[in-house]
Amino acid sequence: QLTIYKNAQRLFPRSYKGFNNAAYVYLKMGDDANAASELEKANQLSPGMPCVQNNLGVVAAKAKDDENARKMFEAAKAQGFNANYNLGILMIRKGEYQNAINAFAGRTCTHNIALAQLLSGNDNAAMSTLDCAPESAHTAYLKAVIQARRNNAGQVITNLTKAIQLDPAMKAKAAKDREFIRFFNQADFQALVR
């Protein structure tokens, strides 16, 4: 995909679209620096385009610059772009869980919706959402957290094992996550996080 968008930039250097789309691919790849660079070019070519503003908000949010992220998302939304999901993620960070759930209206089966549901005290809804969400390390990890709150040791280990297989960085996170404190001294848990 990136090659296609790089070719589009070469063929249509005055169009913001190739730069915005390349930035989207870079964001998916976790390359925030290149995404930001592409978005700056897109914004110079067509200032204030809502899809570009939204993507600039994503870059800001990933950099934990929530104030600028919110401004970008609101600017995109003011032009008719649906930035509610991204605003919902910022609401989770602020502890506004019910507002986040409301912002996610119309979306289903994502890790972030389940996180807002869990943090608002509805672990049954969160588990249902995770069951239909795409498999990922974050999805499996959140399932483990729910099972830890339910004191279901077997499912904690099963889900943490899956999370660590999908993303080895989850091992260090789980080793010190207070959600799992009652399992810290159990042999199965220790074997998993060592």
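Modeller: Contact here means heavy atoms within 4.5 Å. With that cut-off in hand, and bearing in mind that this is a predicted model, ask away.

Colleague: Let's begin with Q147. Which residues is Q147 in contact with, leaving aside its neighbours within four places in sequence?

Modeller: Q147 is in contact with M127, N152, Q155, V156 and N159. Q147 itself sits in helix α10.

Colleague: Why does Q147 count as buried?

Modeller: Buried means under 20% relative accessible area. Q147 comes out at 9%, so it counts as buried.

Colleague: Two of those partners, V156 and N159, are among the buried residues of α11. Which other residues are buried in α11?

Modeller: L160, A163 and I164 are buried there too. The five cover an arc of only 135 degrees around the axis, which puts them on the same side of α11.

Colleague: And what do the buried residues of α11 pack against?

Modeller: They pack against α10 (137-149), α12 (169-176) and α13 (187-193).

Colleague: How do you know that the span of α11 agrees with its 14 residues?

Modeller: The expected span is 1.5 Å times one less than the number of residues. For the 14 residues of α11 (residues 153-166) that should give 20 Å, and the end C-alpha atoms are 20 Å apart, so the two agree.

Colleague: Now the cysteines. What makes C109 and C132 a disulfide?

Modeller: The cut-off is a pair of cysteine sulfur atoms within 2.5 Å. The sulfur atoms of C109 and C132 are 1.8 Å apart, and the two form a disulfide. The structure holds one disulfide. About the S-S bond the angle is -100 degrees, and the link is left-handed.

Colleague: Which parts of the chain does the pair link?

Modeller: Distant ones: C109 is in the loop between α7 (97-103) and α8 (111-119), while C132 is in helix α9 (residues 123-132), 23 residues apart.

Colleague: Why is C109 called partly exposed?

Modeller: Partly exposed covers what lies between under 20% and over 50%. C109 has a relative accessible area of 21%, so it is partly exposed. C132, with 40%, is partly exposed as well.

Colleague: What is the phi of C109 near?

Modeller: Phi of C109 is near 55 degrees, a positive value in a residue other than glycine. Most residues other than glycine have a negative phi. N151 has a positive phi as well, near 60 degrees. N151 is found in the loop between α10 and α11 and, at 48% relative accessibility, counts as partly exposed.

Colleague: On to charges. How many salt bridges does a search of the whole structure find?

Modeller: Nine. One of them joins K6 and E38.

Colleague: What makes K6 and E38 a salt bridge?

Modeller: The side-chain nitrogen has to be within 4 Å of a carboxyl oxygen. For K6 and E38 the closest N and O atoms are 2.5 Å apart, and they form a salt bridge. That pair links distant parts of the chain, with K6 in helix α1 (residues 2-11) and E38 in helix α3 (residues 32-45), 32 residues apart.

Colleague: Why does E38 count as buried?

Modeller: E38 has 3% relative accessibility, so under the 20% cut-off it counts as buried. Its partner K6, at 32%, counts as partly exposed.

Colleague: How far apart are the closest N and O atoms of D131 and K143?

Modeller: They are 3.4 Å apart, and D131 forms a salt bridge with K143. D131 is in helix α9 and K143 in helix α10, twelve residues apart.

Colleague: What about burial: is D131 buried or exposed?

Modeller: D131 counts as exposed at 53% relative accessibility, because exposed means over 50%. K143 is buried, with a relative accessible area of 18%.

Colleague: Which side chain does E135 meet in a salt bridge?

Modeller: The side chain of K162, at 3.5 Å from N to O. E135 lies in the loop between α9 and α10 and K162 in helix α11, so the pair ties together parts that are 27 residues apart in sequence. E135 counts as exposed at 59% relative accessibility, whereas K162, at 35%, counts as partly exposed.

Colleague: Last one, on the whole chain. How many helices and strands are there in the chain?

Modeller: There are 13 helices and zero strands. Buried residues make up 40% of the 194 residues.

Key
Residues numbered from 1 in each chain as written. Predicted model: local features only at pLDDT ≥ 70, side-chain atom pairs only at ≥ 80, totals over all residues. Heavy atoms only, no water. Helix = DSSP H or I, 4+ residues; strand = E, 2+ residues; numbered from the N terminus. Buried < 20%, exposed > 50% of the residue type's maximum accessible area, 1.4 Å probe, protein only. Arc of directions from axis to C-beta.
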